[in-house]
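This briefing is intended to be read beside the sequence and the coordinates. The points are grouped by topic, starting with one residue and moving outward to the whole assembly.

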Protein chains: 4
Amino acid sequence: MSPIVSEEYKENRKKLILESALKCFAEKGFELATIDDICARSGMSKGSIYNYFKTKDDIYIQLMNEQTKANFDYFQEHFKTISNATEKLQFLFKTYREVSLTEDFKHLMLVHGEFWLSSSRKKEIRSIMLERYQNVYKSFVIAILEEGIASGEFRKDIDPSVISTIFWTYVDGICLDYAVLGTEYPYCEVFRKTEEMIFFLLMKRD
Amino acid sequence: MSPIVSEEYKENRKKLILESALKCFAEKGFELATIDDICARSGMSKGSIYNYFKTKDDIYIQLMNEQTKANFDYFQEHFKTISNATEKLQFLFKTYREVSLTEDFKHLMLVHGEFWLSSSRKKEIRSIMLERYQNVYKSFVIAILEEGIASGEFRKDIDPSVISTIFWTYVDGICLDYAVLGTEYPYCEVFRKTEEMIFFLLMKRD
Amino acid sequence: MSPIVSEEYKENRKKLILESALKCFAEKGFELATIDDICARSGMSKGSIYNYFKTKDDIYIQLMNEQTKANFDYFQEHFKTISNATEKLQFLFKTYREVSLTEDFKHLMLVHGEFWLSSSRKKEIRSIMLERYQNVYKSFVIAILEEGIASGEFRKDIDPSVISTIFWTYVDGICLDYAVLGTEYPYCEVFRKTEEMIFFLLMKRD
Amino acid sequence: MSPIVSEEYKENRKKLILESALKCFAEKGFELATIDDICARSGMSKGSIYNYFKTKDDIYIQLMNEQTKANFDYFQEHFKTISNATEKLQFLFKTYREVSLTEDFKHLMLVHGEFWLSSSRKKEIRSIMLERYQNVYKSFVIAILEEGIASGEFRKDIDPSVISTIFWTYVDGICLDYAVLGTEYPYCEVFRKTEEMIFFLLMKRD
DNA sequence: CATGAATGAGTGTTCATTCAT
DNA sequence: TATGAATGAACACTCATTCAT
C-alpha cells in the first residue's frame, strides 16, 4: 500500500500555504491575519491547512524557519566561490542592498520584525528565535570575521562576537526602516555608509 | 455647574491608564493586550477608561505621543546648558546608553517597535508616525548636525539628512535588539562602537 | 423656607427635556437614542435629567402623556365654538390634514408609532396605552358620533364604537405612512377620500 | 471537495434562524432582541448564525424579504384561477381578514411595523423598503385596479395609484392595530366596512 | 438642585480550532 | 486527505443609572 499522494505533492501544498501566509501576515500582521485569509489566498480549505500545520503559531514558526534556511543556503552556495573574508562580507552587504528593492523582501522583513518582537513575549517563539540568532545569524558572521582575522585581512584586536552583533543590528534596522518607510528611506546610501563604517572598524588604522 | 473634579485629577487618571497600558502592551503586544487587562492593572472600570479614551487605538496613539513628547522635552531641557554640537550628540548617545538599562525602557522600546511596524499597515497610525519621524526625530538630529557643520566641528560635505536617518536606524536597532535579547545583548559596547563610527563619518580625516 | 427654585422653573426644565427627547427619539428611535443624546440636545447634564425623570422609560411615557393631553386640549378648546357633530368630525380631519405638513408632526408620529408598537411588549406601557386608547381616543370620537346620531345628522344603525375604531386606524395609518414616506405620500388626497368614505358610512343612503 | 452538506440542509438552517428571529423580534422588538435570544430559540450557536448571516441587520432584512416574497407568491398562485379584478381584490381582503386570526401573523405584523418605522431612520433599510413598497405592494394593487378599469368593472376616473396607496394604508393600519390590541380589536367588522368603502370608491354611482 | 465621573452587565461580532462526512 | 459547518470563549465597546461633590 503506497501513500495515496506523493511526498512532493504534500511539500507543494505546504509551500503554497507558507507563501500565502507570508503575504497575509505582511499585510495585516500576524494577530490580525486570520486562517480564513490564508484560505482565501491559497484557495485551500480550513481543514486542509490544519492537516499540514497544527496551529496558526505553527505556520508562523515553520514559515520563519523556511525563510532563514533559504537565506543561509543562498549565502553558503555563493560562498563556495569566494575565498576571502572581505569579499564574503561585501557579498552580504551587496545581497541585502539589492534584495531590499523587492516588494517580497519588504513583506518578509515586516513579518520577520514582528516575529522578532513577539519572541520577547511568546516563550516557544523565544527559544527558537534565540537559538537561531546565536547559532545561525551571529555564528555565520563570526566565522567570516575569524577567517578574516586569521588571514590577516582584519585587525587582530576586534571582538568578532560584538561586531557580528553590530552587523545584524544595523542590517535588520536598515531593512526594517526601509520596509516601513518605503521610498522615503535612502536605503542605498545608508547601506554604503554602513559598509564603510563596518570596514572602518575591521581595518587596520595607523 | 463647575467641574466636579479638577483638571489635575483627570490628568492623573489619564496618566494612570497610559502607564497601565504601556505595561500591558509591553507584556502581550498591542493586539493581545485587552482592555480588561488595562482595567485590572489600573484598578479602573471599563467604562471609566472609555471616559478618557475613545478606543483602544486611541490609547495606543496618545501613549506614543506622550512618550515622544517627554523624550524630546528632556533633550531640549538639557541642551540649554550645552553649547556645541559634538557634546549634544554625545549627550544623545549617553542618554540612550544609560536609559537602556531600565526595565521600563525595555517595555517602551517593545511597544515603540510594534507601533513602528503597525504603522506600515494602519493608515491612521502611519500618518502620525511618518509625520513624527520626519518632523521630530529626523529634524532634531539634523539641527544638531547643521549646527556642527556651521561651527566647523563637523565636515562640510556630509549629508545631515542621511546621517540623521542612519543615527536613528542604529539607535532604534540597538534599543530594540536589547529589549528583545536582554542581558545577552552587549548594548554598552555596541553603543560605544556606534558612537565611534558616527563620529568617524562626521569628523575630518586626512 | 421657600423652595429654592420656582415651580415654573422646574416645569420649564421638564418641558425642555421632553422636547429634546422627542427629537432624539424621532431621529434614532427610542432604543437607539441615548440619555447622552438628550443631554447634548437639551444642554443639560445627566444628573439633572435624572432629577426630573426616574428612568428613560419615564421620559418616554410622560412625553406621550403630554402630547396626548395637548392634542385633546386643542380639540376641546375648538369644539366650544362648534355645535354639530358633522362639523366636529370635519374639524378633526382638517386638523390632521393640515398638521401633517409640519416636520414636528412627522417626528411626533414616528415616536407615537413606536410607542404604539412597544406597547405590545412592555407591560407598563401597554396598560397606559390601552387605557388611553379606550378612554381618550375612542371615547372622543364615540361622543361625537353619538351626538350626531341623537341630532339626526348620522344614521341611527351605525356602531359608534366600530366607526371610532376605524377612524383612528385610518388616521394613524395615514399619518404614519406619511411620516415614513414623506413627500412621496399623497396624504392630502388620501385624507379627502378617507373623509368622504367615513361620511359615506355615516350618512343616510336610499 | 464536494459540499459536505446539501443546499437543502443549509436552506433549512437559514429558515430555522429566520423563524427563530421572527419570534424574538416580535417578542422584544428588533433592538431589544439579542443574538443570544435567537441562539436560544433556534438551538444554534452564535458562530453558526454568523455563518449564515453577516449581521443582525442582515437577518432582519432577509427575514422581511422572505416574508414579502412568500406573501406575493401566495397571491400570484391563487390569481391564476381568478379572472376578474373584483374577485382578486376580494381575495386580498379575504386573505388578510382570515390570516389575521393567527398568532404567527400578529408577530409578523409587529415586526413588519417596526421595520417600516425603522426605514425612516436606517438608510439601508429605507431604500429596500421604498423599493418594495413601490414595486411590489403598490404595483400589485395598481395592476388589479387597471385590469378592473379596462374590463369596465371599476369607474374610469379613479386614480389607481392613490387607491392602491389607500388600500395598503388601511390594510396595514388594521393589521397593526389588531396585532397590538388583540382580541379587543373588531378586525372582522373593520375589514368588512373597509372592503365596502373601497368598493364604494371604485364602483359607478348615479 | 447641578454635575459628570464611575460603574459593569450586556451587546454584536470574530476566529482558531474541531470533526463528521 | 479534503471539506466547511459548528463551536464558544473572547473581545472592544456601550449605556442606563448612581452618587460624591
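In which helix of chain C does C:Leu117 lie? The model is predicted, and in it C:Leu117 belongs to helix H6 of chain C, a helix made up of residues 103-118. The points below begin with the surroundings of that residue and then turn to the relation between chains, the build of chain A and the record annotations.

**C:Leu117 and its surroundings**

- C:Leu117 has a relative accessible area of 2%, and the residue is therefore buried, the cut-off being under 20%.
- Across the chain boundary, C:Leu117 touches D:Leu110, D:Gly113, D:Glu114 and D:Leu117.
- The contacts of C:Leu117 also include D:Leu176 and D:Val180.
- C:Glu103 and C:Leu117 are separated by 14 residues in sequence, and their C-alpha atoms are 21 Å apart in space.

**Chains C and D**

- Chain D is superposed on chain C by a rotation of 179° with 0.0 Å of shift along the axis, at an RMSD of 0.2 Å.
- These two copies are thus related as by a two-fold rotation axis.
- D:Gly173 is the residue of chain D that comes closest to the rotation axis, with its C-alpha atom at 2.4 Å.
- Because 100% of the interface residues of chain D are also interface residues in chain C, the copies meet through the same surface.

**Chains A and B**

- A turn of 179° and a shift of 0.0 Å along the axis lay chain B on chain A with an RMSD of 0.2 Å.
- Within chain B, the closest residue to the rotation axis is B:Gly173, whose C-alpha atom is at 2.4 Å.
- The same surface serves both copies, as 100% of the contact residues of chain B recur in chain A.

**Chain A relative to chains C and D**

- Chain A and chain C are joined by no contact, and their closest C-alpha atoms lie 30 Å apart.
- Chain A does not touch chain D either, although the nearest C-alpha atoms of these two chains are 9 Å apart.

**Build of chain A**

- Chain A contains nine helices and zero strands, and its elements accordingly read α-α-α-α-α-α-α-α-α from the N terminus on.
- The C-alpha trace of chain A spans about 65 × 45 × 30 Å along its principal axes.
- Of the 206 residues in chain A, 51% are buried.
- When contacts in chain A between residues at least 6 apart in sequence are considered, 68% join residues at least 24 apart.

**Surface and charge of chain A**

- The exposed area of chain A is about 9,900 Å², of which carbon and sulfur atoms supply 52%.
- Chain A carries 28 positive and 32 negative charges, and the mean positions of the two sets are 3 Å apart.

**Record annotations on chain A**

- An unreviewed UniProt entry places the feature "domain: HTH tetR-type" at residues 11-71 of chain A.
- Over residues 11-71, chain A is 80% helix and 0% strand, with 19 Å between the end C-alpha atoms.
- The UniProt annotation "DNA-binding region", likewise from an unreviewed entry, covers residues 34-53 of chain A.
- In the model, residues 34-53 of chain A are 75% helix and 0% strand, and the end C-alpha atoms of this stretch are 14 Å apart.

Terms used. Residues numbered from 1 in each chain as written. Chains lettered and ligands numbered in written order. Predicted model: local features only at pLDDT ≥ 70, side-chain atom pairs only at ≥ 80, totals over all residues. Heavy atoms only, no water. Contact = heavy atoms within 4.5 Å. Least-squares fit on C-alpha atoms with pLDDT ≥ 70 in both. Helix = DSSP H or I, 4+ residues; strand = E, 2+ residues; numbered from the N terminus. Buried < 20%, exposed > 50% of the residue type's maximum accessible area, 1.4 Å probe, protein only. Areas by Shrake-Rupley, 256 points an atom, 1.4 Å probe, with all protein chains shown as cover. Lys, Arg positive; Asp, Glu negative; His and termini not counted. Charge placed at Lys NZ, Arg CZ, Asp CG, Glu CD. UniProt positions renumbered as here; feature names shortened; annotations may be inferred. Lists of a residue's contacts leave out its neighbours within four places in sequence.
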